[in-house]
Amino acid sequence: MSESRTFTARWVFPVAGPPLPHGTVTVHGDTIAAVEPHGVRTADEDLGNVAIIPGLVNAHTHLDLSGARGLIPPTDPEHFTDWLRGVIAYRRGRTPEQVQADIRAGLAECLRSGTTLLGDITVGGASYATVTTAATRAVLFWELIGLSEERYLAGLKAISNNKLGGSWDPDAPPAEYPETHFCRWGLSPHAPYSVNHSHARGQLFFGSAAIHLAESPAELELLATKSGPFVEFLEDLGVWNPDAITATLGDFLVSHEKAASPSLYIHCNYLPLDTPFQPHQSIVYCPRTHGAFLHPPHPFREFLKRGVRVCLGTDSLASNPDLDILAEARFVHARHPDVAGEQLLRMVTLAGAEAHGWAKECGSLEVGKSADFVAVPLPERDAADPHELLFADHPGERRTLFRGEWRV
Ligand SMILES: [Zn+2]
């Protein structure tokens, strides 16, 4: 039986409860054995002027685009399809070896900043080998694209074991990509402008799923009138198929009554405020990417007020400066100081874990959960609310404990 170790620091943020000044976290093997206020237990190790927070959750990445940093400048919202053309051209110019190197570099960046659970969209399983051998948890969302029924089902067949005639069986991923203790599969019907609606909607309600939704004004125009910039974009790609566009935005959220698997709705920049959400459905807001495209203010605060789960993602380096999810929270804090620090921290920890179906294992510092935490350097000054210190734009190397072991 392995020994217990007790850590302390200037602040401990359990997320499951209020911040603890000079609190302690006791780890036994790969599990949290105790989280206590100062004075209950003597610490073995004082990490100093840092915040101990739960491992961070980055709910949206495309690791395979990590070589694109700075190469495809985000456009204004009216020219979103121009940016998509840039991403497609970039992808076509990348060799499989380059893609693998990009995935490794992107994952290293995520891990360095303290991510211990990642939601990555993967094309053809390209990130599987790298992610499953790293010290992290992940849900890999197999990307499905195709307005035509044939193309969409061909993509689905590639990830399905095909016992059900090509339909997705979340309990039986294909043998060449087995789930691991720390990496699970999901599906990602890409977006309403790129998938066959009648087939894609089914995937959102059984097994973990993620879809880009309400990202641009052009997408709303396409769904409402089958016109606008996406028609020309899709015609140029040779895939325009008006018969595949049959659902409204809301239809992608109307779930089957038996559905209970996590569904992630990525971006939601233009989602109507009264859109109904079920408890298993979550919004993923990508703050700096949203800002880079100069979209109008994001409706996340209105959805939070309604009790809808909102977590944060970095999106890819094709639109974001880095893959540091705490930097996303700091960006939100600087622009929206009205959002409570407690709620913001939850958005990059426990809410992300809940959104991916991992909250029993991680997302907060609680007895019985995985011994994952990040030690985040703090500024020297004091603040009435300790979250102010955590969300101050402060440099310094973070250290991450994952399953009871320091990441190197
Ligand atoms: Zn994305």
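A residue is buried if 20 or more other C-beta atoms, placed from the backbone, lie within 10 Å of its own, exposed if 12 or fewer do, and partly exposed in between. The structure treated here is a predicted model, in which local features need pLDDT of at least 70, side-chain atom pairs count only at pLDDT 80 or more, and totals for chains, interfaces and linings use all residues. Residues are numbered from 1 along each chain as its sequence is written.

**Exercise 1. Strand E4 and its partners**

Determine why strand E4 is described as largely enclosed, and state which strands pair with E4.

Solution.
Step 1. Strands (E, at least two residues) and helices (H or I, at least four) are DSSP runs, numbered from the N terminus.
Step 2. Strand E4 covers residues 24–28, and four of its five residues are buried, so the rest of the structure largely encloses it.
Step 3. Two strands pair if DSSP finds at least two bridges between them. Strand E1 (residues 4–8) runs antiparallel to E4 and is joined to it by five bridges; arginine 5 has valine 27 in E4 as its bridge partner.
Step 4. Strand E5 (residues 31–36) also pairs with E4 in the antiparallel sense, over five bridges, and histidine 28 stands opposite threonine 31 in E5.
Step 5. E4 and E5 form a hairpin with two residues between them, and in the turn glycine 29 has a positive phi of about 60°.

**Exercise 2. The open sheet**

Give the order of the six strands in the open sheet and name its edge strands.

Solution.
Step 1. The order is E3-E2-E7-E16-E17-E18, with mixed pairing.
Step 2. Strand E3 (20–21) and strand E18 (405–406) are the edge strands, as each pairs on one side only.
Step 3. Strand E2 (residues 11–12) pairs with E3 in the antiparallel sense over two bridges. Here tryptophan 11 stands opposite proline 21 in E3.

**Exercise 3. Overall dimensions**

Decide whether the radius of gyration of the chain agrees or disagrees with that of a compact globule.

Solution.
Step 1. The radius of gyration is taken over C-alpha atoms, and the globule rule is 2.2 Å times the number of residues to the power 0.38.
Step 2. For 408 residues a compact globule would have a value near 22 Å; the chain has 21 Å, which agrees.
Step 3. The C-alpha trace spans about 65 × 45 × 45 Å along its principal axes, and 51% of the 408 residues count as buried.

**Exercise 4. Two domains and a shared core**

Describe the side of domain 1 that touches domain 2, and the largest nonpolar core.

Solution.
Step 1. By an automatic or database domain assignment, the chain is divided into domain 1 (4–53 + 365–406) and domain 2 (56–356).
Step 2. Two residues are in contact if their C-beta atoms, placed from the backbone, lie within 7 Å. The contact between the domains takes 15 residues from domain 1 and 17 residues from domain 2.
Step 3. On the domain 1 side, strand E16 (373–377), helix H13 (386–391) and strand E17 (399–402) give two or more residues each; H13 gives the most, with four residues.
Step 4. A nonpolar core is a set of buried Ala, Val, Leu, Ile, Met, Phe, Trp, Tyr and Cys residues joined through C-beta atoms within 7 Å. The largest has 116 residues, and Ala51, Ile52 and Val310 have the most contacts inside it.
Step 5. Strand E10 (residues 137–144) supplies the largest share of this core, six residues, and each of the two domains contributes at least three residues.
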